[in-house]
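Please open the model in your viewer and keep the selection panel at hand. The tour below moves from one selection to the next and says what is there.

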Amino acid sequence: MGMQGDFYQVLKEQGYQLGASAVAGEGREFMTATTILAFKYRDGVLVAGDRRATAGNMVMYDRTDKVLEIDRHSVMAIAGVPATAYEMVRVLEHSFKYYRRTQLQELSFEGKLRAVSKLLKDNVPAALSGTGAVVPVFAGYDFEQEAAKIYFYDILGAEFEGVEYAVSGSGSPTIRGILHYLNTWGERPLSASTEEEAAIQALRLLTSAAEFDSATGGVNRESNLYPIIKLIAKDGVRVMPDDQLKRLFESKVVRHV
Amino acid sequence: MYEEPYKWVEAVGNRRQYLDEQFKQGSPVVALSYDSGILLLTVSKGTPKLYEIYDRLALGGMGHPADLEKIRFSLLEMAHVEGFNRSPSDVTGGRMVKYGIAPVIKQAFEEIFKAPFIAKIVLAELGQKAGKDSLLVINYDGTFEEGAHCAVLAASKPVERDMVAYLKQQAPSPPSLEQACGIALRAWTLGDRAQRKAGETMSGPSPETTQEPAAMDTAALYAHLRDSVAEKTIECALLDRSQSGSSKYRAVTPGELGRLLPKDIGIAFP
């Protein structure tokens, strides 16, 4: 009997291969033109991402959802090559469902983290060739530990726990410093923020990233375009609606820009 | 010896007799559409008989647990590979049954040197809109019937006919979830009682129905139910159109079932 409930293995047995092998490129820079962030707040974890997709200097799309729900209790925020990232999300989504439906129990949070690592490891040839690098942030609710958690990865599949926060993408250096500052010398740690306070910080952080990084899309009020903010708690993943983001942006963010 | 056509037909006939015998002690399964989804209900002892297959597909089974597991895994693999390679919208009950599992069950039934599947299944598919639900019943020989509104699995065709007649007579169109729970449980009880009676008086050819009055007295049904469910579990699952997210399946907890079922049923739920 093989690995019961392993959908990725089922796919591989049928000839599926993630990240086609390619000759490693020389001196390539891994482009992760985006900004995604996750941090803990009072009720769980907030995960947010800008909406811009770029190809070099070209803005390809301004309505991308980079914070993708894998199941009712976990999301993956993606930075890197969208084609590979979306494919990984599809594999993960089917894998978690397949495990639950075959084994009649949820895959453990650790099992989910390992599944992300395995995909990244198998994707290394494509990542090194410069055509498929993905640097995700994974967040979800761990029922064994009864806590929402954040993990970030390198392109080789190593996982690291972001105890308080994690960031990824080209705009992340800007906000990493801000997050450190806020969490260390702010009025109180980020993990003590209410949902509304956390959402305000996320909007301000992404606006700051867009200020200094051309590959990060900011808020476009004319088009009613706001970042994606998702909240993970014990009762599942929730999307913060645009009208709430609009209200918070206009009252708590715009006057400071 | 089975090379001769007559012997083969005889062997298949024997196999049918053998299989009919295997289902006599089985627990019926009821599938019934309600106003925001499909309800599946049975009474099980030990192993569950209701399962999630895909985002909008659920399985109810009757028969040998190992055979049901084989069928369940085949359906799960087929549905997930198809959903991944194409799209979840392409994973339909009709395709899973007609081009997937029914030919496999038929082949196993007719290969007389191999063991057949001791299983009957119902595959419920939740439509995008109310009234578009589909219920597919597959017999142990691979024959299948597609219907809407209600479907049942039971030991014999006459029992199934009685149960369906009861569901059609009792269920308003469409029933609420509370109504559907009560009606489905009474239909299960009607089927279980008819199966037991048939077991006690089994002789001669099968009648068209079990001669059970379709509108059996509810109090008598509940009395039989209370006797039948001791040390067993009422298992109930929903494909719930109103559930958020892509997966619409959920098992009904004993506490919720206690609230949904009629109060005069006389069974305590934890």
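Start with chain B alone, and bear in mind throughout that this is a predicted model. Among the contacts in chain B between residues at least 6 apart in sequence, 67% join residues at least 24 apart. If you colour chain B by secondary structure, you should find 7 helices and 10 strands. The radius of gyration of chain B is 18 Å, close to the 18 Å given by the globule rule for 270 residues, so chain B is as compact as a globular protein of that length. Along its principal axes the C-alpha trace of chain B spans about 60 × 50 × 30 Å, and 41% of the 270 residues of this chain count as buried.

Next, select the strands of one sheet in chain B. Here 5 strands form an open sheet, which runs in the order β8-β1-β2-β9-β10 with antiparallel pairing. At the edges stand β8 (150-153) and β10 (249-251) of chain B, each with a single partner strand, so one side of each is left without a neighbour in the sheet. Neighbouring strands of this sheet are turned against each other by 15° on average, direction ignored.

Stay with the sheet and narrow the selection to residues 29-34 of chain B, which make up strand β1. This strand pairs with β8(B) in the antiparallel sense over 4 bridges, and within the pair Val30(B) stands opposite Val152(B) in β8(B). Now add α5(B), which packs on the sheet and touches β1, β2 (37-44), β8 and β9 (233-240) of chain B, its direction making about 40° with that of β2(B).

Then bring chain A back into view and turn to the nonpolar core. Which residues touch the most other members of the largest nonpolar core? Of its 150 residues, they are Ala38(A) and Leu46(A), while the largest share of this core, 9 residues, comes from helix α5 (residues 177-200) of chain B. Select Leu46(A) and display its surroundings: not counting residues up to four places away in sequence, Leu46(A) touches eight residues listed here in full, Ala38(A), Phe39(A), Tyr41(A), Ala198(A), Ala199(A), Ala202(A), Ile229(A) and Leu231(A).

Finish where the two chains meet, where 11 residues of chain B are in contact with 11 residues of chain A. On the side of chain B that touches chain A, β3 (50-54) and α2 (65-85) of chain B each supply at least two residues, and the largest share, 7 residues, comes from α2(B). By class, this side of chain B has 5 nonpolar, 4 polar and 2 charged residues.

Notes:
Residues are numbered from 1 along each chain as its sequence is written. Chains are lettered from A and ligands numbered from 1 in the order in which they are written. This is a predicted model: local features need pLDDT of at least 70, side-chain atom pairs count only at pLDDT 80 or more; totals for chains, interfaces and linings use all residues. Two residues are in contact if their C-beta atoms, placed from the backbone, lie within 7 Å. Ala, Val, Leu, Ile, Met, Phe, Trp, Tyr, Cys and Pro count as nonpolar, Asp, Glu, Lys and Arg as charged, and the others, Gly among them, as polar. A nonpolar core is a set of buried Ala, Val, Leu, Ile, Met, Phe, Trp, Tyr and Cys residues joined through C-beta atoms within 7 Å. A residue is buried if 20 or more other C-beta atoms lie within 10 Å of its own, exposed if 12 or fewer, and partly exposed in between; C-beta atoms are placed from the backbone. The radius of gyration is taken over C-alpha atoms; the globule rule is 2.2 Å times the number of residues to the power 0.38. Two strands pair if DSSP finds at least two bridges between them. Axes are lines fitted to C-alpha atoms, for helices over the stretch in contact, and angles run from 0 to 180 degrees between N-to-C directions.
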